[in-house]
Amino acid sequence: MKATGIVRRIDELGRVVIPKEIRRTLRIREGDPLEIFTDREGEVILKKYSPIGELNDFSREYALAMSQSLGHIVAICDKDVIITAAGASRRELADKAIHEDVEQLMQSRAKLMRAAANNEQLVFITAHDNETQQYTAQVIVPIIAEGDAIGAIILLSREQGAAMGQVEMKVAETAAGFIGKQMEQ
């Protein structure tokens, strides 16, 4: 565990303020759920809670099945990070922070289908993507649960001239709808 040198007092209602610098660094926003853990040494640990992360094994299997059926790279993310990926090296996408472009799509609840072959500007997927885009086509569909955007289904291709069609869009919409319903139960 890394020390920050920041000390806060607990108020009479048992509340403590998480400093703005830490909230910004960890992308913790007002209303975000936090999980609380304790250990034997008396430490209290706060961890940003990801409802989609709770479905990790399920989402991994779902992404793998979609990837095998469609022949594309499939990623499932929450509001901050890619939870699982299939059809590509897991290290390439999984556990990487999402790019603000994907975050904005989720917040606007917009669905996206683009291809570089059509000279459309592709969205960066991870926070560390740069100008050298490594994908040629993409579909991004937000996962909505109880009216809130909680993540996204992302389909990607690296094949030259690749284009995503209505089949890929419908599969992504179905997956997003199904996962959203699972989160509501």
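**Entry 1. Leucine 122**

I began with leucine 122 in this predicted model. I found leucine 122 in the loop that runs between strand E5 (112-115) and strand E6 (137-145). I then asked whether leucine 122 is buried or exposed. Its relative accessible area is 7%, and because the limit for buried is under 20%, I recorded leucine 122 as buried. I also looked up its separation from arginine 24: the two are 98 residues apart in sequence, and their C-alpha atoms are 26 Å apart in space.

**Entry 2. Histidine 99**

I turned to a second loop residue. Histidine 99 is found between helix H3 (90-93) and helix H4 (100-108). With a relative accessible area of 14%, histidine 99 is buried. Which residues does histidine 99 contact, leaving aside neighbours within four places in sequence? I listed Phe124, Ile125, Thr126 and Ala127.

**Entry 3. The sheet**

I next traced the strands. The model has an open sheet of 5 strands, paired antiparallel in the order E4-E3-E7-E6-E5. Strand E4 (82-86) and E5 are the edge strands; each has a single partner strand, so one side of each lacks a neighbour in the sheet. On average, and with direction ignored, I noted a turn of 15 degrees between neighbouring strands of this sheet.

At the E5 edge, I counted 4 bridges in the antiparallel pairing of E5 with E6. One detail of this pairing is that methionine 113 has valine 139 of E6 as its bridge partner.

**Entry 4. Helices on the sheet**

I then looked for helices that pack on the sheet. Helix H2 (residues 56-70) does so, in touch with strand E3 (73-78), E4 and strand E7 (148-157). The direction of H2 makes about 35 degrees with that of E4. Helix H5 (residues 166-184) also packs on the sheet, where it touches E3, E5, E6 and E7. For H5, I noted an angle of about 25 degrees with the direction of E6.

**Entry 5. H2 against H5**

How are H2 and H5 set against each other? Their packing angle is about 165 degrees, and their axes lie 12 Å apart. Because angles over 145 degrees count as roughly antiparallel, I entered H2 and H5 as roughly antiparallel to each other. Their crossing is right-handed.

I wrote down the residues that meet. H2 contributes Phe58, Tyr62, Met66 and Leu70. From H5 come Val167, Glu168, Val171, Thr174, Ala175, Phe178 and Ile179. Sorted by class, this contact has 9 nonpolar residues, 1 polar and 1 charged.

**Entry 6. Strand E4 and threonine 84**

I returned to E4. This strand is mostly covered, with 5 of its 5 residues buried. Threonine 84 is found in E4. Its relative accessibility is 0%, so threonine 84 counts as buried. Not counting residues up to four places away in sequence, threonine 84 touches Ser59, Arg60, Ala63, Val74, Ala75, Ile76, Arg90 and Ala94.

How does E3 connect to E4? I found a hairpin that joins the two through 3 residues. E3 and E4 run antiparallel and are joined by 4 bridges. Within this pairing, alanine 75 stands opposite alanine 85 in E4.

As a general point, I noted that side chains in a regular strand alternate between the two faces of the sheet.

Conventions. Residues numbered from 1 in each chain as written. Predicted model: local features only at pLDDT ≥ 70, side-chain atom pairs only at ≥ 80, totals over all residues. Heavy atoms only, no water. Buried < 20%, exposed > 50% of the residue type's maximum accessible area, 1.4 Å probe, protein only. Contact = heavy atoms within 4.5 Å. Pairing = 2+ DSSP bridges. Axes fitted to C-alpha atoms, helices over the stretch in contact; angles between N-to-C directions. Parallel < 35°, antiparallel > 145°, perpendicular 65-115°, else oblique. Left-handed = near helix turned anticlockwise from the far one by under 90°. Nonpolar A, V, L, I, M, F, W, Y, C, P; charged D, E, K, R; others polar.
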